[in-house]
Each structure stands twice: as structure tokens, then as C-alpha cells.
Amino acid sequence: MYNQFNNFLLDDDLLESITRFKSERYTITGPEPREETEQEYVVLPARDAVIFPKMNLPIFVMRDFSHRALEYALDHNLPVLIVSQRDPRVEVPTPDDLFTVGTEVSIESTLRLPDGSKSVLVEGIRRARITQFTQTSPFFKARAIPISEGHPEGIAVEALMRVVRTLFDRCIQLNPELPEDAYIAAMNIDEPGWLADLIAHVLQLNLEERQEILETIDPVERLQKVSLLLGKELDVLELENEIHAQVQQEMDKNQREWFLREQMRAIQAELGELDDLQRDINELRERIAQANLPEEAREKAEREVNRLAAMPAAAPEVAIIRTYLDWILSLPWNEYTEDNMDIERAAKILDEEHYGLEKAKERILEHIAVRKLAADKMRQPILCFVGPPGTGKTSMGKSIAKALGRTFVRLSLGGVRDEAEIRGHRRTYIGAMPGRIIQTMRNAGSSNPLFMLDEIDKLGVDFRGDPAAALLEVLDPEQNHAFLDHYLDIPYDLSKVMFITTANTLYSIPPALLDRMEIIEFPGYVESEKLEIARRFLVPRQLEAHGLSEFGLQFPRETLLRLIREYTYEAGVRNLERAIANICRKVARRIAEGKKAPKRITPSMLEKYLGPPRNAYLQIDKEPNVGVATGLAWTEGGGDITLVEVMIMPGKGALTLTGQLGEVMQESAQAALSYARAHAEDYGYGDLDFEKIDIHIHLPEGAVPKDGPSAGVTMLTALVSALSGRAVRPDVAMTGEITLRGRVLPVGGLKEKLIAAQRAGIKVVVLPKKNEKDLADIPKRMRKGLDLVLVDHVDQVLATALVE
């Protein structure tokens, strides 16, 4: 006789036993389960684990109180009771967080792990029920009653055990994660309680189910609960196998699925229902119709939508086309902001936000005036602000955008080495996207923003192309009305964009790119300008930033002057603002701590807040020196003064040059020496034998590379001074290239050099006469306090610089 019971077959004798078991329950022979004498245990809480009697299990002891409990039990030879937590997430449990029934265990072995925790192998002995906790800190101790089980016997018990073993065997066959050794062990167990505990230990049960089995004291009732759990597990396993078989079959039906999907699409079209892809396509068509796209962009977008509609939803190119269409529709193709043509308002905004910089302000006001008269005929200017760091180039761009009423966007080009960063990647590449020009235009939200390209002199070049070459099209008014990004592959009009670039130097900008830009120089600030900028802008901004506006902190003129002279040495004002911010932070801290804070920062307080001065105000000697002349140099940070030192010593006619001099500067030194030797009689050292002396020319700050021809007159002056013994005036600085005939040739960087001379306390500046035309561009305030001597021959230089 066959009968199906949870999908396995039973013989007639087993069915008869089960029928009798259901009607008569069972007959117990042997001792009944009993509770023994109460005793004290060390309680070890377990998270998400239940230990069953006669089962070996490694547990990990990680919490401090569990470490202490384990050590105490081992040291005092006390029994250990492992009890599960009701909520495994509780880190520090209380007695209410623990179940009342646990398992008394014996500690078989312990192993300390590298992270400080312990792995403990335990073996369950018997169940125990906690009656009360006698200690909760630093670990748990409790009194509990051990429970010893009876051993029921009879045919009903045997029938139930056979049913459970059969179910367990079936589960092991369907679940490869269950060990086959467990069924062998189950076949050799003749006690129902032990068999139930073994199966509950092996099955993947949750915490509540395991604890329910542990708390069931009656062995037969416990085995009956395990049989129900086995039946449920067997149903789940069989369902999993069916699902797996279905998935395997469906993987071979791609063609059938495509056919069914097409049928479904046709049915939905008949019913007026749309799938997600069709809904998106309709939405894209509506957006294209509503967008104010140029004709070429509209045709391209419509072609891509038609391609998208012909593709199945699972095609990999669907996402690529969707992204491309989103880019087209998100760009501001024909959206413009209206320019504000009020010249007086623009001038007021520029003056309020920037002090000085008259040339840049004048150029912007001229642009507004021409736009007001001939808006349709004028091209957008492409300006290049060139100057040392901290002179207000980027902030001037923001002010111009505010004055014009345009959106301001900024793109930093420093370190860009890939041409695709400018023009985008072609759509054939995975992860392709537009270049940073198009990305920034989308962020601008209009087609006529003020677009600032910052640090254009710091573009790089490598095997991926030259980004400076890609900018030629962007910054050319003849071409940028149809800028072609590789990703979009549609011309985009940049002719209404006002481009402003910034740079610290011009020598690293390619000539072709430089030719497309109108250069506006931002010279370094002189002392009076820095003082006014600090008073108008820096101090109020830092007081507001540090919450000191209401406190009334004051920076007198004398304090700001000392800050400028002794604590900053720069062309711009960034370090000056940092020094003011440093003082404000210290004052704000004293106010926050409830201490007395000064209302007025005097010059004598600067050392307390900022430490000793970082540089002396006058960087020149007070007394004339032989063989030492002061020159003027141009640097990326503005102008600077440099000393040229010459030492004469007995030798064999050698010339030594030190101070990390470049090739051009070394040639200038050799030309100066040749001229000094050729005119020895004229300068009073004609009896000197140059074959018996060595000459050493040194420029201090040897770690800083130096080059250029403008130190020629300075080297000659120091040489003649050392050879003739005549001292050089310390308040005289000079610049100019020399020839072997003694001519003084013009040099560059005149504005920065005059600022450096004024900053260093120089009184007389010797300049090439051919630089006289450049003085027209230098404001009078930059020449204030300077006696400019224009020369065209070195004799005039020596007459001015050498002491009689």
C-alpha cells in the first residue's frame, strides 16, 4: 500500500503506527522528565545562537562581560549556563533580555584570536531553568534548576522517530548545505529527545524556533514539533527546486519572450495602454516639440527618438540614446538673459567691489557703451586678465557679471591635459559625455553667460592631445558660433558668451591662443592700495565672517601698515587677509571664552597675535657697500629686489657664478666682466692683473632659479665697485640689459619692478631710456617717492650708483 505523506512513501506497518500514534498519543515507559536540585551557574548570554544538549558547537566570546564570566567560571570551577538573548541587537543585555531556559555546557577548549576575542568549543550537557539572578555585574550569575529527561518507549515513539528520520533524509537530499553525516548520526540515535535536539541543531531555524524546541521538555512533544518543522522545510525546498527548474527553462526562451513582448505591445496599443518605454518616448517627443531648438538640433533629436522607438526595451543602446537626448534637451539653445546697459550702475558696482584696477573697469564700461549703441554689430570681447596671485582677477569677473546682469560660470583649466575635457568624447566610447564647455553651459542655464576660464596658463599637454589647441575654436569669434562638441555632434553657438580668461604669466600660453585674447594686466598693489583695500573690504569681510561686526573691533591705519610691511610680502592681498583673519579668530575665541578682548588692535599687539615679523620693512642696507648692488626682478608673484654680490680674491683669472643662474643670466655676467676689463683704465683699476685674481659673482637665495638679461647693469655695477673699491649706494636699484659696447637695452615687467622698489624702500631707480614709453601706463601712485633715472649707457648707471 502506498500513501503520499509530504512527497515520500511509507509502508503499511509505518502507516498503522502513525494512525495509532494520532489516536492514542503514546505510552511512556522508563523515567519521567524531572527537575533536580537548584544550583548556582555563571550565565553566558548568547546572541542569535541556541545550544542543545549533547551537541558540540564553537562560540565566539567578544564582549567584555562575557570574557569576565568565562574566566571566572574556569578559575572557580563553576558550571556555565548559556542562555540566548531575546533580541540579538542588544549589546549590553539585562536579565529581562534573556530567556529563562538555557543549556548547561562543559568547556572543551578555548582559543584566543588576534582581535582579542576567544573561540570556545562547548558541549551541551542538559537543560536548566533559571529561577533568579544573583548577580548582574560585572557578569551574570543565577540560580537555576537542571532538568533531566526521561526516555519514553513504545511503538508509537518508534513510529514517530522513523517518520522524522525519513523527513530528515529527504531534506538532506534536497539541501546540499546540510551535512550528510547528520543523517548517519540520526540513524544511530535511539532517544527521541536527543534525535529532536540533533535535527533542531542542524536545520536552518530562526532563533524563536530553536528556543521553542529547547524549552519543550517532553521528548516526544519536542520530536513532534521537529517533525512539523521538517515538513515545512521540505515544502520550501521542493518549491525552490521547482522555481530553479523554471528559471533554467526560461533562460533558453529568449526568442519566445521577444515574440510575446511584441504581441503584448501590439495588444497594449490596441487597448490604448502604453509600456514604460513607450511612455518615455512620448514624453521625449513632447519635450522636443516644446523646446526652442535650432533646426539641426531638432532633426538630430527626432532621428534619435525614432531609433529609440524601434528598439526593444532591453537593448543596451536604449540608455545611451536616452542620455544623449537628455543632454540635447537640457542645454539652453536659444535662452538669453537681458544685459543691463546702465553705465553708471555698472561703474558703481565695479567701484564698490574693487579698488583700483582702472584699466579693467574702463574696458568693461566701454563694452557696455558700445553694446548700447550697436548691440547687433558688436562681437563679444575675449579678455585675458594677467597678474600675480591675489590681485582680484577672478573676483573682478564676478563683479562684471553682476554689472551686466549675466549669469557667472567658472571653469578651472589648471592641470587639464586631455583634449576631450574641452571637446567631449565621441559616443562610440563607453561612458562618453560632453566636454566641460558644454557641461558648464548647461549649468549656466543661458546662452550668454559670463564664462570665466581660470588658470589658462596652466594647461598641460600629453599623449591624449593638447587642450590649448581645442580652445582655439572656443575663443575665436570667427568660429565659436558653431562650436562642435564630439559628444553632441551638433554645432552650438558660443558667440554670445563673454569669455574672460585668467593667467599669472603669458609665456606658457601658446602664441595662437594668446593672439585671440585681449590682454589686461593686473599689476601688484602698492602699499597705499593695500591699505585702502584692507580698510574697505578685507577688515569688514573678516569681522562679519567671525561674528565681530557688533563687537566693534578696530584695525587702525598704523596697525594695517605694519601688517603690510612686516607680516606680508606679496603682490596681492591674500596673505594680508589671512593675517587679519588670524587676529579675528584669536579675538573671537577670547570673547567666546568670556575673557576680556581688545576693541582696538594696536601695532604693538601684532607680535602677540601673529608672532615676530616675518620680513623687515626695508630690505636694503643702510650703509654703502663695496661689491654689492641692488637689482630689480620680475617674478610670477609680482616684482622683487635681488642683490648681486661680487668677491675679488687671488687666483688664476677664473669667473665663478653661483645662485642657480640660468644660461641667459650667466651670459650677462660674462658680458659685464668683458666690459669691466676692457674699460679698466676708465674706472681706475688699470694696473690690476686679471690673470692673478678670481672673481666670484653670487645672487642670494640660491634655492630659487634665476634667469633673464635684466640683471646685466646690476652685475656690471657690482663688478666695477669690487674692482675699483668704490661703494654702491644702498638706496639705488637698477634694471637693464647691457651690450659689450655699454649700451643699456629695455626690459620687461617694469610695473612690477617699480612696485617692488617702492615696497622695499628704494629711493632711486635706474631704468633704460627706451623704457620711457612704458612709464605712461604706470599710475603716478606707483611712482610716488621714487626718483626715476633714465639711462642709455652704463657710464650713466655707474655715475648714479657709485659713491664718489
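This report covers a five-stranded sheet, a buried strand and several ring contacts in a predicted model.

## The open sheet

The strands β11, β12, β15, β10 and β16 form an open sheet, in the order β11-β12-β15-β10-β16, with parallel pairing. Its edges are β11 (408-412) and β16 (518-521); each has a single partner strand, so one side of each is left without a neighbour in the sheet. From one strand to the next the twist averages 25°.

Within this sheet, β12 (residues 450-454) and β15 (residues 498-503) run parallel and are joined by 4 bridges. L450 stands opposite M498 in β15. Helix α14 (residues 393-404) lies across β10 (382-386), β11, β12 and β15, and runs at about 175° to β12.

## Aromatic pairs

The whole structure holds 8 aromatic pairs. One of them is formed by F451 and F499, with 5.4 Å centre to centre and 35° between the planes, which makes the pair tilted. F451 belongs to strand β12 and F499 to strand β15, so the pair ties together parts that are 48 residues apart in sequence. F451 and F499 are both buried.

For Y685 and F690, the ring centres are 6.4 Å apart and the planes stand at 70°; the pair is therefore edge-to-face, as planes over 60 degrees apart count as such. Y685 and F690 are buried as well. Elsewhere, F65, F133 and F140 form one aromatic cluster.

## Charges over rings

Two contacts of a charged side chain with a ring can be described. R442 lies over the face of W327, 3.8 Å from the ring centre. K599 has its charged end over the ring of F551, at 4.4 Å from the centre of that ring.

## Strand β26 and its partners

Strand β26 (residues 764-768) is mostly covered, with 5 of its 5 residues buried. In a regular strand, side chains alternate between the two faces of the sheet. In β26 both faces are covered: V764, V766 and P768 are buried on one side, and V765 and L767 are buried on the other.

β26 pairs with strand β23 (residues 732-734) in the parallel sense over 3 bridges. It also pairs with strand β27 (residues 787-791), again in the parallel sense, over 5 bridges. V766 takes part in both descriptions: M734 stands opposite V766, and V766 stands opposite V789 in β27.

Technical notes
Residues numbered from 1 in each chain as written. Predicted model: local features only at pLDDT ≥ 70, side-chain atom pairs only at ≥ 80, totals over all residues. Heavy atoms only, no water. Pairing = 2+ DSSP bridges. Helix = DSSP H or I, 4+ residues; strand = E, 2+ residues; numbered from the N terminus. Axes fitted to C-alpha atoms, helices over the stretch in contact; angles between N-to-C directions. Contact = heavy atoms within 4.5 Å. Phe/Tyr/Trp six-rings, centres within 6.5 Å; stacked < 30°, edge-to-face > 60°. Buried < 20%, exposed > 50% of the residue type's maximum accessible area, 1.4 Å probe, protein only. Lys NZ or Arg CZ within 6 Å of the ring centre and 35° of its normal.
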